[in-house]
Structure formats: C-alpha cells, structure tokens
Amino acid sequence: MDKSRRGRIRRMPSSGSDSDGSTAPPSCKKKKIKQVAQSESDVEEEYENVEYLEEENNRSQEVSNATAPRSQMSRARQTNSNTSQRTSSFNLSSELSIPSAFDRCGKVISMRLTNFMCHSNLFVEFGPNINFLVGNNGSGKSAVITALALGLTSSARATNRASSIQKLIKNGEASATIAITLSNTGLRPFKADIFGPHLTVVRQIRHSSSTYDLQDARGKSVSKKVAEIRRMLLCFGINVENPIFVLNQEAAREFLKELEPASNYKLLMKATQLDVCTSSLTECHAQRRHFTQDLEQLEKKRDVVAKQVEAEEEKLSILKDKEIVKVKLEQCKAKLAWMAVTRFQEDLDNLEHSIKLIESKKAKLELTTSKKESSQASMTQQLSEFEATKNQILSSYKVQDEKLRTAKRAVQDILIKISSIKAQIGNAERRMREDQHAYDECVKLIGNYHADFKRVKEQREEHVNKMGALKKQVADSEETIARLREEQLQIKRDITSVQERVEALKNERVQLHKSKQKISMEIEELSRNKSNKLSVYGEQAIQVVHALRTQYAGSNMHRMPRGPLGQYISAPNPKYRDLVENQLMGCLRSFIVSSDKERQSLRTLLQNKFQGGNMPSIITSPFTDRVYDVSRNKVRPTTPNTTVLIDEISCDDPVVMNYLIDMLRIETVLVTESKEIAEFLTSDTENVPPNLTRVLVPSLGLEYIPSPNYAVYSTKIHPARYIHINVDDRIRQLHMEQRDLEEKYASLEMDYMQHRQVMEKTQHEIAKKVTMIGQHQSRNERAMQQIMELENFDYQELPEYDRLESHLAQSGEKIEKCKQEREMLEQKLNDIQERKSELEATETVERQALAEINHKLSTLDTEAREVESKIRSLDLHYEENTRNLQKTLQLERKMIEEKQTIQNDLEQARVEAQKVGDFIGTSQTEEKIRELISRYKSKIKQVEQLNYNPEEVERGLSKLRDELGLQARHLAVVDSVIKKLRMAYHQRAQLFQRSRHHYFTMVQFQFEQALAMRQFKASFETSDKDKTWKINVFPPSGNETSNARSLSGGERSFTTVSLLKGLWSTSDHPFYFLDEYDVFTDEVNRKFITEILIGEGMEWTSRQYCFLTPQDTAVEASSFITVHKLEAPDR
C-alpha cells in the first residue's frame, strides 16, 4: 500500500436515468397471536405460537445489542455454512478482490451519486480507516452523508433534509441514483458464494416511486427486495438511523445544544439500542397481561361447565336412586321424631340436676339458722385472746427497733471515716504522680541539654542565611517584573496599529465579497434575458415595463410613464458613449410620470417588484410632443475640435429629451479633446462663450467651470453599461470586473493573513509576558511567605542547668514523703474496714429479729379481722337466710311438679317415635333435617313430573365431562405459557437493568477520561424512574454548567466529541460518519479535536471513520488517513 494517499473524488458527465421499472417495497406484517379456541388442537396450536413469539423476542433482543457477540450456536451455523460455501465462492472471491485493508464486513468502499441533491455525477472512493471529507459550504458534503443513510434503507425524515425522498432529486432531473459499495470480506460475510468480496446497494429514486437493487461484486443484480438488504445490514451490524454511527449536519449542530436531562437519557438509550430492549420488554408485558385475561375468561367458562356437570350428575343420580331418596326421606322423618325424644330427655336431666342443687342449698340454710348463738360466743372469746397476745408482741418490737437504730448509726460513722481516708490516699497519689512527672522531665532535660543548645544555634544561623538568599531573590524578581511590564506595554502600543489595519482589511474584504456577489447575480440575470435589451437594467425593470405596457395599452399609450430613461437615449458617436452615460448616470434607471396620481400608481408597482431595495427614482415632468427649441440658450463652439453635449445625444422621445434639457442643461456643456482649449475657454472671462456652464475633456477625465467661478475637477469615466450596450459585451465586461475583484481579493487576503499572523504572534508574546510576570509574582509571594515564617519562627526555650539539678533533688524528696504518707493511710483504712464488717453483721441480725416480730403482728391482725367479719356476718345475714330458706322450699315443690309433666311428654314422644321407626343417631340440627325432608319431597315430585330419560341424561353428561376435561387441559396450557412469560420477563428485565447500569457507567467513564485531556471535569445525575440523565460540565475556568450555551464554541465542540467517544465505546459498528464536528471551533481547538478523532481511529483499526468539515484541514494524507477535497458542484 502507498505511504501517502489522497481520496479519489470524480465528477463525470451526467448520464441518462435508468429504466423506469419500480417495485413496491414489501409491507411489514405483524404476527398476531390467535384467540384461544375451544378444542384441544387449537390449544396446542396457540401454545406453539407463543413459543415461536418467545423465540422471536429472544432473537430481536440479541440483534438489538450491537456490541454483544453472537451466540455460539449462531457462530457454529455460520461457520458450517461458510465451510460448505468455501469451494463455490473461491473463484469469485479470488477473481474480484478488494484491498486487504477492507478486512471487515460493512465498511464503505465507494459511493456514486447521480442527480442527487446538488451532485450530477459524483464518485467517492473511501479509505478503510480514517477519512476526511473537506469542502466549502455548498459543496455537497452533507449530501454524501444523506445519501449513505437513504441508500441503506433509511427514510428522508430521519435525515432531517426533506419531508419526502423525491424532494432530494436534483432540480430539472427525472430521477436520482445512489450506489454504495460495501466490503463483504471479514468474519461474517453475507452469502459470500453469491456476492463475492464486496456488494453494492443501488437505490433509484423517481418522482413516483423508489426501488432497490442488491448487486454482487460483478455488478449483477441478485435481489430487488428491501427485506434482503435489511438482512444484509443485520448480518453486518449496520444501523444508519443511530445518531452516534451516522451524525448528520442538523443532528451535529443540535447534538449538545441544551444538555436537557430527558433528551440526554433518550439519546443514550437510543445510542446503546437499549430503547429497543425497552420496547421488547413492554411488548412481553402486554402479551402476558393479554394471556392473563384469557386465563380468567377460561376459568369462568370452566366454572360454568363444572356447574352444568354437577347439575346433570345430580339429575342422573335422582333418576337412578329414586327409591333411595324415599328411604332417606323416611330416615329423616325418624331422625326428626327421635330428636324430639332426645330433647325431652335432655330437659328432664337438666331439671333433675337443678333439683339436687336446690336440696343442697336448703340443707346449708337450715344449718346456718340453727347454730347462730353458739358460734357468736365462741368468736368473741377468741378475739379477747388475740388482743392480749398483740400487746406482748408490741412491747418486744419497741426494744428491738431501738437496737437496730443504734447499729445503723455506728455503720454510718464508719463509712464517713472510710471516705475521708480514701480521699487523703487519692491526694497523696496525685501529688506523687505530679512530682514523678516533674522528676522525669528534669532528667530528660538534663540529658538533652547540650544537644538542644547546639541544634537551636545552628537553626538560627541557617535561617539567617536563608532569609538573605530569599530577599536577594525577591529583589531580582522585582527588577525582572518591571522590565517585563515595560516590554508588555510597548507590545500593546505596537499591536493597536496592527489591529486597526486588520480591521480595515477585514471590512475591505467584506465589501469586495459583496461586490463579487453583486456581479455574479448581474451575470446570471443577463444570461437569463440575453434577448431583451432591457436586461441590463435587471429583471425587475423588464417586469415593470411589461406591466406598464399592459396597463396603458391602446389609447392611453401616450400617457404611459417613460423609463428606464436609458432605453430612450443613445450616443451616435461611440467615442463619447462612456462620457454621455457618466454625465446622465443619475437618471438612466429613473422613470418619468406626468401627474401625482400616476406617480403614486407607479410607486406601488415599483415597491411590489423591487422588494429587495435599490428602487428607481420617479420624476414628475410635463409630457409634450415636441422637443424644446434651445437655439437661443445653446452655447456656440468657437474653437475647433469642440462640440456641444446635446449634439452628441440622440433621443427619440421628446419627454425624456426635455427632461435632460430642463434638469441637466446639456445644451450649455461643451466637449473637447484638448486641455488647452478647455483652459482657454474657461480661464479668462473674455474668452467664455455665452451660455457656457461646463467644459468636459473626456480623454483626460477633467471638468472645467468657466470664469468668474473658474475651477477644475477630476472625474473618473466608467465604461458604459446602459446606453447602446450589447448584453454579451456587458457580460464580458462583468467577467473582467469579476476577475479584477478576485485578483484584488486574493492580494487583500494575503495581506490580511500576514497582518493577522503578526497580530496573533504579538498576542502570543503578550500572553507569554503575562505568564512570565505571573510566575515571577507567584515566586515572590512564596519567598515573602517563607521570609515571614522564618522571622516569626518560635525557637525552643532552654532553662538554666543548676536550677534543673536543684529541682530534680526536691522532686525526689517529695516523692519519698508521699509514699510514706500513702502507706500509713492504707494501714489505717484496713483497720476501719474490719470494724465496719463487724458492725454490718450486727445490723443484719437485729434487722432479721425485727422482721420476725412484724410477721407475727400481721398474722395476728389478719386472724382477728376474720373473726370480727364472721360475727358481723351472723348478725346481718340471719333474717336474709331465713327468707331464702322459704323461697328455696317453694322452688323445690314447683320443680317437682314440672318434672312430672316432662316425664309424661317424654313417654308420649317415645311412643310416637317408635311408630315412625327405630332410633337413628344424628348430629344434624332440626332445621337441617327439615330442609332435607323438604328437598327430598321436592326431588321426588320433580322426577315424577318431568319424566326424564336416563339414557339422554347420561349422553349429555358425557359430553359435558369431555368439554370440562378439554377446558382443563387448555387452561393448564395457558397457565404454563403465562408462567414461562413471567419468568422470561423477569429474567430479561434483570438483564436489562444490569446492562443499562453497565452502559451508563461505561459512557460516563469514557466521557470523563476524554474531558480530562483538557482538565475538564463532569458529574452525572441519573434517574431511571424519571428517565433523565443530567450532565454537569466543569471547564478549567471553574464555572459549573449543565447548559452548552454557557460554553464557548471550542468548549462546546470538545464536549460534544468527548461525549461521542464515550458513546462509541458502548457499541461497535463498521463505520462512523460525523458531519461538521468543528463548526463552532477556532483553529487551535479544531486542531486539538482533530487529533483526538485521529487517535480514536488509530486505536480502533477495525472501524472506518469519516469526518466531514467545511474548514480546510492541515491533516496530511498517509497510509492510514485519506483526505478527500470536494469542490463546488455544477448547479
């Protein structure tokens, strides 16, 4: 491969359009899940459909992730397919080879555009790695990236260039063609045995339709179906609608304009294709909800059929067991009769139990009333004995309480002594610790005294030397700063004149550019209207004249306004044509009207036609049919080679000629070729002819005013462009003017660039001086800070040596005294502790004795209260017990009578129950038995009335059971499908969340790494709930911003490219096209960003990059970089 390479861009003559055969693109059909049927076969078919839908969802999820590797099974199948096709594709691949650098499927080899947008026939041959497509605005760069998207099945709206694809056909053409050649050599070629090492996608656009054609390496058509092209793009992993792979002009300008959190989140989801996963998960959830609703409907149908089966089974049971129902009816009647017997027996048992209780109560009441007096006397005697015992116990209690109080006071006195001694011991230990610390410090100071003294002395000397050096450094820096400031002021004074010159050159460039544009527009207008002599006045003048002729046709023709006046005027002598036009220049484009009404009408017409400005003037002058007689006022030439200006002007219209006479006084102007004659006629009053106002010398460009106001003026005579001018001559004249302007513009541009370079160099020197001044000032500040720190340094204070030794001896004596005092206090504390233990034991014995006395008193009081309560009870309840005894006797007699009645009813109920049947035990209630009896009677009556056929009932029951079984199996299938969908949904949702977190983290990390190259920082706030991704950018200036409008143009472009690098790290793609990445940058930032993009391409050699820029790039072509220069197309 060559070491230096330039891009190949060829423009060819426009060829005719291809045949007009169109094929409508196939319509996409969505798979619909069939409704649940009532038969088993329909259930199985629906189950198969659901499984197929799951497989489709799995496949779509795998395809949506561009970075995820294909599954091993898919690779194995592809490997087997490639192995089987290797023999058949060998000849095609070896015969039609492509450069080995195109080692990846999907890279763009070349592109041909025919009649597309501004291109008639454009051919671009791309390099396999890094491409730069450079061209001025309007050269058709964006058309290349638009054609790439449209050629690979994208829509016109997705490119933001047109609402429909037909609007992209070049003006005046019937069709357009886009042909894109892609590499088919790599790990996963698409049908290599059919297409060969590369393939071509051709899209032909007509005003009525659009067709595709997929061609092999020989250019042979293989398929015209869009589905086949999309399968090829899917195989290569190409997605041109993803903005990070193909970023068009509009998207590039708006890419980071607002940094809206919701837009950022949406962009990242689309760039990583996670939005496709979100759609798939939503669809899966909707399908599961749909199946759940179907399951509920199936359960309701099953319940209805189950109830029908139950009713039919009961009907069949009634028909078969009619006699059994009658037996059950008799049993229920027997149960009901014996239930009455049981109820009477229970009532009798309850009554007998109540009678026994009453008899027991009667016996107690009789015993209580008979022993009242003897019990009362016994209890009174017992109370007297309790009182005597209590008095004895109280006397012993007082003695014991006094002993306990004495023991407590002794213990309290001992505790006070112990607390005092412990405080004295603590004080002695504290003094001993303080003295020991002072002793240790003195020992340490004595040991380090000589070393510390030497160290402090050396430290002082070192600080003095260092301060001297720092002060000298500060003085030198101050002199340098003063010198740099003087140089800076001088450079600023010099740059002012350079800036003024640059600004003047810039304004002159703008004026030249406007003049060039004006000449180009005039050439275009003249070329369109060559046959019309009025074309030199512009298309608007042609339209105005046509409108006036239409308006004043017929008898009003004489009233028609005259104009442009130049069309009525001519110069018979070609020598004076330029002079005549220069003298009449102010009125050649004007119009003449005869009244104010016509003036207003013409003004309206002119305003309508000349909407862009530069509207001709309107002159009001009387219309006459004869030219004025100027013989009396006309100047007479008195010298040879002299003529009157009016004689050199020919005008057929008297209105126009009279206007020239009235306003310009052309009959009083002389024209001569001799300067001496002009001076002779004007310098001396005696030689001035009558009525002379001016003398013109066209060959020298001079104009003389006669005496007594004698003056000479220099005038420049421009070539004629209105009077008697040929359109072709005028076009040639304009071309010459255009070339002169271009030469002047080129010279001016060179001068401008030189002055601009000087200014930039001077500004760089000023910035360098500022940096140096800042460095010296910072160095001075640090030096002054060090000087202040050295002057305020706190040196170690060293005490006197003799005082340290005396203090050491005193501390040793104090420590010994404190130790002796502590030993004495500890001995005294031990003695007091022994005494305290003896007194506490005595106190415990006395407290136990007092507690025993208290227990005896409480027991005696309790017994006395009980005896008193019994005495009061005997007196209070005697009469009440007597009344209760009488009531109890009456109740006993009544219950005995009731018992006899129940016994009689019991015997009668037993006799009636025996008549109905034998005894049958039951746990059912009477209401339940009566309900069963009523139901059995109803069933018997119903069967007797309806007269069902048992065989028909059995057949209907069999059908209902079959239908119930079918629905149960159908229900199980649907339930299994729902469970599988639920499991699949949750698994994929978890995988999606992990993938989303992974992608967001990867993009943020790569984004921060790219920003760090220029000391930028960034922070992120992600909310999956609100679907927002807030980006905060911190430029080196320190201002936090989350809005790109607060960034400069260079910072905005750098941030955009950094974010793109982060997004590129998440998804792999064969090619990346980026349009106008440097539209807002200056030269420095553009160079830095370009180096970043080149570094990205160098790092990822398996990818193809194409960067479009309107700026001229300084990147040199190499074996790795291809530069395409795109010239302006022929429009």
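This is a conversation about how some terms are applied to a predicted model.

Trainee: Why is Thr480 called buried?

Mentor: The relative accessible area of Thr480 is 18%, and buried means under 20%, so Thr480 falls on the buried side of that cut-off. Thr480 is found in helix H10, which covers residues 372-528.

Trainee: What makes the approach of the Thr480 side chain to the backbone oxygen of Asp476 a polar contact?

Mentor: The side chain of Thr480 reaches that backbone oxygen of Asp476 at 3.0 Å, and a polar contact asks for a pair of N or O atoms within 3.5 Å, one able to donate a hydrogen and the other to accept it. The value of 3.0 Å is within that limit, so the distance condition is met.

Trainee: Asp476 also has a partner in Lys472, so how do you know that the two form a salt bridge?

Mentor: Their side chains meet at 3.4 Å, taken from N to O, and a salt bridge needs a side-chain nitrogen of Lys or Arg within 4 Å of a carboxyl oxygen of Asp or Glu. Lys and Asp are both on that list and 3.4 Å is within 4 Å, therefore the pair qualifies. Both residues lie in helix H10, four residues apart, which is about one turn of the helix.

Trainee: Why is Lys472 called exposed, while Asp476 is called partly exposed?

Mentor: Lys472 has 54% relative accessibility, and exposed means over 50%, so Lys472 passes that mark. Asp476 has a relative accessible area of 36%, which lies between the cut-offs of 20% and 50%, and therefore Asp476 is partly exposed.

Trainee: What makes Arg430 and Glu434 a salt bridge as well?

Mentor: The closest N and O atoms of Arg430 and Glu434 are 3.3 Å apart, and because the limit is 4 Å, this pair also qualifies. Arg430 and Glu434 both lie in helix H10, again four residues apart. With 36% relative accessibility for Arg430 and 46% for Glu434, both count as partly exposed.

Trainee: Which helix holds Glu840 and Lys836, and how do you know that they form a salt bridge?

Mentor: Both lie in helix H17, residues 801-916, four residues apart. Their side chains meet at 3.8 Å from N to O, which is within 4 Å, so the salt bridge is counted. Glu840 is partly exposed, at 34% relative accessibility. Elsewhere, salt bridges that share partners join Arg104, Asp1068 and Arg1103 into one network, and a search of the whole structure finds 23 salt bridges.

Trainee: Why are E13 and E18 said to stand at the edges of their sheet?

Mentor: Five strands form an open sheet in the order E13-E15-E16-E17-E18, with mixed pairing. Strand E13 (642-644) and strand E18 (711-714) each have a single partner strand, so one side of each is left without a neighbour in the sheet. The twist averages 25° from one strand to the next.

Trainee: How do you know that strands E15 and E16 pair?

Mentor: Two strands pair if at least two bridges are found between them, and E15 (residues 669-672) and E16 (residues 694-697) are joined in the parallel sense over three bridges, so the condition is satisfied. In E16, Arg694 is the bridge partner of Val669. Helix H15 (residues 675-683) lies across E13, E15, E16 and strand E17 (702-705), and runs at about 15° to E17.

Notes. Residues are numbered from 1 along each chain as its sequence is written. This is a predicted model: local features need pLDDT of at least 70, side-chain atom pairs count only at pLDDT 80 or more; totals for chains, interfaces and linings use all residues. Side-chain values use heavy atoms; hydrogens and water are left out. Helices (H or I, at least four residues) and strands (E, at least two) are DSSP runs, numbered from the N terminus. Axes are lines fitted to C-alpha atoms, for helices over the stretch in contact, and angles run from 0 to 180 degrees between N-to-C directions. Contact means heavy atoms within 4.5 Å. Buried means under 20% relative accessible area, exposed over 50%, partly exposed in between (1.4 Å probe, protein chains only).
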